[in-house]
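These are my notes on the model you sent, set out as numbered points. Please read them with the coordinates open beside you.

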Amino acid sequence: MSTLLLTLPLAAAAATPLQVLHWWTSASERRAVEVLAAHAAAEDIAWRDAAVPGGAGQGAGKVLRSRVLAGDAPDATQLIGRSIADWAEVGVLLELDNVAGTWPQQLLPPVAALLRHRGHTVAVPLGIHRANALYLHKPTFDRLGLKAPTTWAELERTAAALQAAGVVPLAQSSEPWQVAGLAEAMILAEGGVALHRALFVRHDPAAAADPRLATALRRLRQLRGWIGGAAADRPWTDEVRRLQRGDAAMLMMGDWAKGELLALGARLDQDVVCSTWPGTQRLHLYSIDSLGMFTNDYARSPAQERLARLLVTPAVQADYNAVKGSVPVRRDTDPARLDTCARDSWLSFAQGSAQRAPSMVHRMATDEASKEALIDELRRFFLDDQATPASLQQRLAAVLRTLPQRATDD
């Protein structure tokens, strides 16, 4: 997969260039990058964009690994979750202790903890995404007199009413990470944070036998009948457009979908309504975007540190997250200044660990190899009508036995 290398025309010629590798390539993501580049330019940093297309960052991860091996690492790169520690362990990430001294007091606790490795701060946080959001096409819901479903029973009745009116209930791709994201939200709804962490953080084989997992899988299979025809590998941006046009009435997607809907001209609370997947109203399935600065020859370390300091300031946090769809990482965020979707997301995330679940699909819960193994199993079940919940539970137990076992959720 080729890298798209662009220089955004926002910085003076004398500015220090920093190349940033990431996978933000949709309309809203490009706008978010432009926000960061504009702020960087004001600090005499020329943001050199190295964008790799591909949902969930698989392509960007491959490009990053090949460039590091070739001795051509970017100055900064988008990193999520466990990948921060993986790269820090190799010794290629710049330690940011000189600029991060006040971050523990400024950042929400799980954000600050994520950035630390062996006593050093090695990444910069950008925003917190909620992966269990549910979006509704408001004109369709209003026309049929429907409300946002909050339980599985309500969701079943809503889907039946939509189908009776000739409306596809759910926009859903069969792309692996999108299927697994839906499954992850359904497991969270049925088994709560405890079951989610047992499966995806601790890799406990016994958790695969939990009857609540069987219920979630039966319901996942039932959803196949709500997507309007055969499953197809469409990018997430296509599913967002289907919802915006009213081709489907609901979409389960992370709140990056909100940013994309706004970029397409949709009006929040008028054209689309933001809710949460039924059964997860008080829960937050989260992913945290961050940047890691690569050491290279240390010649650009001063500019990298300036960029790191800049990205956590209140102004950048507010501007970037408003466009990206995510919420700020700072403790002093004023929820009243956020839109309705973002306000609920930030408050849910801030209320405590009992309500938070790190997303497996988005690298927060587990390592890359484990993530891929689990996603493959969930997608295979979703597409294979002959597979039973019991058979997948057995396969998951077998897979979990091969994965690194963790004694705690930390």
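1. Leaving aside its neighbours within four places in sequence, Met 250 is in contact with Leu 134, Tyr 135, Leu 136, Phe 141, Pro 149, Leu 155, Thr 158, Leu 162, Pro 169, Leu 170, Ala 171 and Leu 243. Since this is a predicted model, those contacts should be read as computed from the predicted coordinates.

2. Met 250 is also one of the residues with the most contacts inside the largest nonpolar core, a group that it shares with Leu 220, Leu 223 and Trp 277. That core has 73 residues, and helix H8 (residues 176-200) gives the most to it, with 14 residues. A second, separate core of 63 residues includes Val 92, Ala 123, Val 124 and Leu 311.

3. On the surrounding sheet, the model shows an open arrangement of 4 strands in the order S9-S10-S8-S11, with mixed pairing. Strand S9 (168-171) and strand S11 (272-276) are the edge strands, each pairing on one side only, and the twist from one strand to the next averages 25°. Strand S8 (residues 133-137) and strand S10 (residues 248-252) run antiparallel and are joined by 3 bridges, with Leu 134 standing opposite Met 252 in S10. Helix H7 (residues 152-164) lies across S9 and S10, and runs at about 150° to S10.

4. Which loops does the salt bridge between Asp 75 and Arg 300 tie together? The closest N and O atoms of Asp 75 and Arg 300 are 3.7 Å apart. Asp 75 lies in the loop between helix H2 (58-69) and strand S4 (76-80), and Arg 300 lies in the loop between strand S12 (284-293) and helix H12 (301-311), so the pair ties together parts that are 225 residues apart in sequence. The two partners are placed in this way: Asp 75 counts as buried, at 8% relative accessibility, whereas Arg 300 counts as partly exposed, at 35%.

5. The structure holds 23 salt bridges, and another of them lies within one helix. Arg 242 forms a salt bridge with Glu 239, where the closest N and O atoms are 2.9 Å apart; both residues lie in helix H10 (residues 236-245), 3 residues apart, which is about one turn of the helix. Arg 242 is buried, with a relative accessible area of 11%, and Glu 239 is buried as well, with a relative accessible area of 0%.

6. Towards higher residue numbers, the side chains of Asp 332 and Arg 330 meet in a salt bridge with an N to O distance of 2.9 Å. Arg 330 is buried, having a relative accessible area of 8%. In addition, Arg 363, Glu 368, Lys 371 and Glu 372 are linked in a network of salt bridges.

7. Is Thr 77, which has its place in strand S4, buried or exposed? Thr 77 is buried, with a relative accessible area of 1%. Apart from its neighbours within four places in sequence, Thr 77 is in contact with Leu 21, Leu 64, Ser 290, Leu 291, Gly 292 and Phe 294.

8. Two backbone conformations deserve a look. Arg 118 has a phi near 50°, a positive value in a residue other than glycine; Arg 118 is found in the loop between strand S5 (116-117) and strand S6 (120-121), and counts as exposed at 66% relative accessibility. His 203 has a positive phi of about 60° although it is not a glycine. His 203 lies in the loop between H8 and helix H9 (211-223), and at 1% relative accessibility His 203 counts as buried.

9. Finally, on confidence, the protein averages a pLDDT of 94, and 95% of the residues score at least 70. Over residues 1-12, however, the pLDDT is below 50, and this stretch has 33 contacts in the model beyond near neighbours in sequence.

Notes
Residues numbered from 1 in each chain as written. Predicted model: local features only at pLDDT ≥ 70, side-chain atom pairs only at ≥ 80, totals over all residues. Heavy atoms only, no water. Pairing = 2+ DSSP bridges. Axes fitted to C-alpha atoms, helices over the stretch in contact; angles between N-to-C directions. Contact = heavy atoms within 4.5 Å. Core = buried A, V, L, I, M, F, W, Y, C linked by side-chain atoms within 4.5 Å. Buried < 20%, exposed > 50% of the residue type's maximum accessible area, 1.4 Å probe, protein only. pLDDT = per-residue confidence, 0-100. Salt bridge = Lys/Arg side-chain N within 4 Å of Asp/Glu carboxyl O.
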